[in-house]
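The text below goes through a single protein model, element by element. Please keep the sequence and the coordinates at hand while reading.

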Amino acid sequence: MERKWFTQEEANALIPQIRIEITSLQQIKHNFEEKYKHLRKWKEAGAISLNGDDPFFQLECEMEFLQLEARTLIQSVHMKGAQLKDIDLGLVDFPALINGQEVLLCWMQGEETVSHYHGMNEGYLGRKQLEEE
């Protein structure tokens with residue numbers, strides 16, 4: 001697949017949808033972690049079923065479904081050409097060219113628009129303010 005280069009305007013146009021996907025991913029992650037804690041606790045306690053069924057089956061199925069949902073949302077972000085960097089921070093990068101140099105436009109949940117960028121190997125800590133369009 002050919003790499004997409006974003007303008008600041010193109011990246012900003014995707015932010016409303018990506019914001020929804022990030023919020024959903026965060027909720028899924030939270031739900032998964034809660035179910036995992038319960039599952040571990042039950043397994044450590046040696047939970048058994050009174051009717052002979054697998055006592056963990058329902059919870060494991062719910063966790064598997066959450067994983068499928070998360071993968072679908074992550075794939076949706078990537079299919080747009082964006083790069084999901086951190087679910088908890090809601091950190092997303094968009095490949096771009098600035099003055100002929102490859103960079104990543106950088107957006108973090110809570111920011112209204114894409115207003116920063118960093119070099120391909122700099123990461124979040126190397127963020128610089130974009131000039132106004």
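How many bridges join strand 1 to strand 2? The answer is 3 bridges, and the two strands run antiparallel. Strands here are DSSP runs of E with at least two residues, helices are DSSP runs of H or I with at least four residues, and both are numbered from the N terminus. Two strands count as paired if DSSP finds at least two bridges between them.

The model is predicted, so local features need pLDDT of at least 70 and side-chain atom pairs count only at pLDDT 80 or more, while totals for chains, interfaces and linings use all residues. Residues are numbered from 1 along each chain as its sequence is written, and side-chain values use heavy atoms, with hydrogens and water left out.

The pairing of strands 1 and 2 belongs to an open sheet of 5 strands in the order 1-2-3-4-5, with antiparallel pairing. Strand 1 (83–86) and strand 5 (128–129) stand at the edges with a single partner strand each, so one side of each has no neighbour in the sheet. Between strand 1 and strand 2, Gln83 has Asp93 of strand 2 as its bridge partner. The hairpin of these two strands has 4 residues between the strands, and in it Gly90 takes a positive phi near 65 degrees.

Leu89 also lies in the loop between strand 1 and strand 2. Its relative accessibility of 43% makes Leu89 partly exposed, where buried means under 20% relative accessible area, exposed means over 50%, and partly exposed is in between (1.4 Å probe, protein chains only). Apart from neighbours within four places in sequence, Leu89 is in contact with Gln26, Met108 and Gln109, contact meaning heavy atoms within 4.5 Å. The C-alpha atoms of Leu89 and Gly110 are separated by 9.2 Å, and the two residues are 21 residues apart along the chain.

Next comes the pairing of strand 2 (residues 91–98) with strand 3 (residues 101–108), which is antiparallel and extends over 8 bridges. Leu91 faces Met108 of strand 3, and Phe94 stands opposite Leu105 of strand 3. In the hairpin of strand 2 and strand 3, with 2 residues between the strands, Asn99 has a positive phi near 55 degrees. Of the 8 residues of strand 2, 6 are buried, so this strand is largely enclosed by the rest of the structure.

The helical part can be read in the same way. Helix 2 (residues 57–79) has 23 residues and reaches 33 Å from its first C-alpha to its last, close to the 33 Å expected at 1.5 Å a residue; the expected span is 1.5 Å times one less than the number of residues. Leu59, Met63, Leu66, Ala70, Leu73 and Val77 of helix 2 are buried. An α-helix has 3.6 residues a turn, so residues three or four places apart point the same way. The buried residues of helix 2 pack against helix 1 (8–44) and strand 1. After helix 2 comes Gly81, with a positive phi near 100 degrees.

Lys4 sits in the segment before helix 1 and is partly exposed at 36% relative accessibility. Leaving aside neighbours within four places in sequence, Lys4 is in contact with Glu10 and Pro95.

Finally, the cysteines. Cys106 is buried, at a relative accessible area of 0%, whereas Cys61 is partly exposed at 33%. With a disulfide taken as a pair of cysteine sulfur atoms within 2.5 Å, the count is 0 disulfides.
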